[in-house]
Every structure is written in C-alpha cells, then in structure tokens.
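Please open the model in a viewer, display the backbone as a cartoon, and keep side chains ready to be shown on selection. The tour proceeds by selections, each followed by a description of what is found there.

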Amino acid sequence: MARPAVWLRVAAAVGGGFGLTSLAVGVLAGLLARWGLPGAEAVVAAAMAGFLIYLAVLLWGLACQSTWRLSGWLALWVAALACAWRWAL
C-alpha cells in the first residue's frame with residue numbers, strides 16, 4: 001500500500017496537470033490566432049500540443065519527490081499562464 005504522500009502527489013499531478021494544460025492550450029491557441037493562423041487551425045494545433053504538454057507535466061509531476069515542490073511549481077506556472085491568458089486574448 002502506498003503512503004498518503006504518494007497519493008497526494010498523484011492527485012496533484014493529474015488534477016493540477018490537467019488544469020495547467022488546459023490553460024496552456026488556451027494561451028497557445030490565442031497566441032497562434034494572434035500570429036496569423038486561422039482560428040480553427042489554431043485551436044486544433046493547440047489541442048494537439050496539449051497532449052504532449054499534459055504528458056510532460058504528468059511525468060514531471062510523478063517524478064517529483066516532494067508534494068510541496070510540485071504544488072509550488074504548478075501554482076507558479078498557473079499564475080504565469082493566467083497572466084499570459086489575459087494578454088493572449
């Protein structure tokens with residue numbers, strides 16, 4: 001049976017990774033549309049990139065040794081992407 005800290009890291013990696021990825025996909029779609037790609041193509045390209053982003057965040061999150069470090073980095077990236085969201089749209 002795994003320790004509770006492991007389950008907290010898994011929950012943070014899965015849930016936080018999904019939130020981070022959805023925000024990153026939105027920002028990327030907005031940036032691609034701003035840079036001249038048609039809207040539908042920008043959304044599709046950002047959604048395809050989202051699979052790779054989520055995989056990278058999930059693997060990194062599961063490799064972290066500390067739940068606090070994982071939560072801190074996720075919060076930092078979410079805050080940065082939230083600021084970029086306002087600018088990208």
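Which residues in α3 are buried? Select helix α3, residues 67-88, in this predicted model. Its buried residues are L70, L74, L81 and A88. A view down the axis of α3 places these buried residues within an arc of 50 degrees, so they line one face of the helix. The general geometry is helpful here: an α-helix has 3.6 residues a turn, so residues three or four places apart point the same way.

Now rotate to the other side of α3, where W68, L76, C83, R86 and W87 are exposed. Return to the buried face and show the neighbouring helices: the buried residues of α3 pack against α1 (4-34) and α2.

**The ends and length of α3**

Select S66 together with W68. S66 caps the N-terminal end of α3, with a side-chain oxygen 3.2 Å from the backbone nitrogen of W68. Next, draw a distance between the terminal C-alpha atoms of the helix. The 22 residues of α3 reach 31 Å from the first C-alpha to the last, close to the 32 Å expected at 1.5 Å a residue.

At residue 88, select A88, which lies in helix α3. Is A88 buried or exposed? Its relative accessible area is 6%, and A88 is therefore buried, the cut-off being under 20%. Setting aside residues up to four places away in sequence, A88 touches V27, G30, L31 and R34. For a contrasting distance, select A63: A88 and A63 are 25 residues apart in sequence, and their C-alpha atoms are 31 Å apart in space.

**The nonpolar core**

Select L20, V27, L70, L74 and L81. These are the residues with the most contacts inside the largest nonpolar core, which has 14 residues. The elements that give two or more residues to this core are α1, α2 and α3. The largest contribution, seven residues, comes from α1. As a general background, nonpolar side chains in soluble globular proteins tend to be buried together.

Centre the view on V27. Leaving aside neighbours within four places in sequence, V27 is in contact with L81, A84, W85 and A88.

**Along α1 and beyond**

Select the whole of α1. At 1.5 Å a residue, its 31 residues should span 45 Å; the end C-alpha atoms are 44 Å apart, which agrees. Then move to G36, which follows α1 and has a positive phi, near 110 degrees.

**Where T21 meets G50**

Select T21, found in helix α1. At 7% relative accessibility, T21 counts as buried. Beyond its neighbours within four places in sequence, T21 is in contact with G50, I53 and Y54.

Now select G50, in helix α2 (residues 39-63). G50 also counts as buried, at 7% relative accessibility. Which residues does G50 touch, not counting those up to four places away in sequence? They are T21 and V25. The C-alpha atoms of G50 and V25 are separated by 5.7 Å, although these positions lie 25 residues apart along the chain when counted from one to the other.

Remain in helix α2 and select A45. A45 is partly exposed, with a relative accessible area of 28%. Add V10 to the selection: the C-alpha atoms of A45 and V10, 35 residues apart along the chain, are separated by 28 Å.

**The cysteines**

Select C64 and C83. C64 is buried, with a relative accessible area of 7%, whereas C83 counts as exposed at 59% relative accessibility. How many disulfides are there? The count comes to zero. In general terms, a disulfide is a covalent bond between the sulfur atoms of two cysteines.

**The whole chain**

Finally, clear the selection and view the full model. The protein chain has three helices and zero strands, and from the N terminus on its elements run α-α-α. Its C-alpha atoms fill a box of roughly 50 × 20 × 15 Å along the principal axes. Of its 89 residues, 28% count as buried. Among contacts between residues at least 6 apart in sequence, 73% join residues at least 24 apart.

How values were computed:
Residues numbered from 1 in each chain as written. Predicted model: local features only at pLDDT ≥ 70, side-chain atom pairs only at ≥ 80, totals over all residues. Heavy atoms only, no water. Helix = DSSP H or I, 4+ residues; strand = E, 2+ residues; numbered from the N terminus. Buried < 20%, exposed > 50% of the residue type's maximum accessible area, 1.4 Å probe, protein only. Contact = heavy atoms within 4.5 Å. Disulfide = S-S within 2.5 Å. Expected span 1.5 Å × (residues − 1). Arc of directions from axis to C-beta. Polar contact = N/O pair within 3.5 Å; in protein donor to acceptor, adjacent residues only side chain to side chain. Core = buried A, V, L, I, M, F, W, Y, C linked by side-chain atoms within 4.5 Å.
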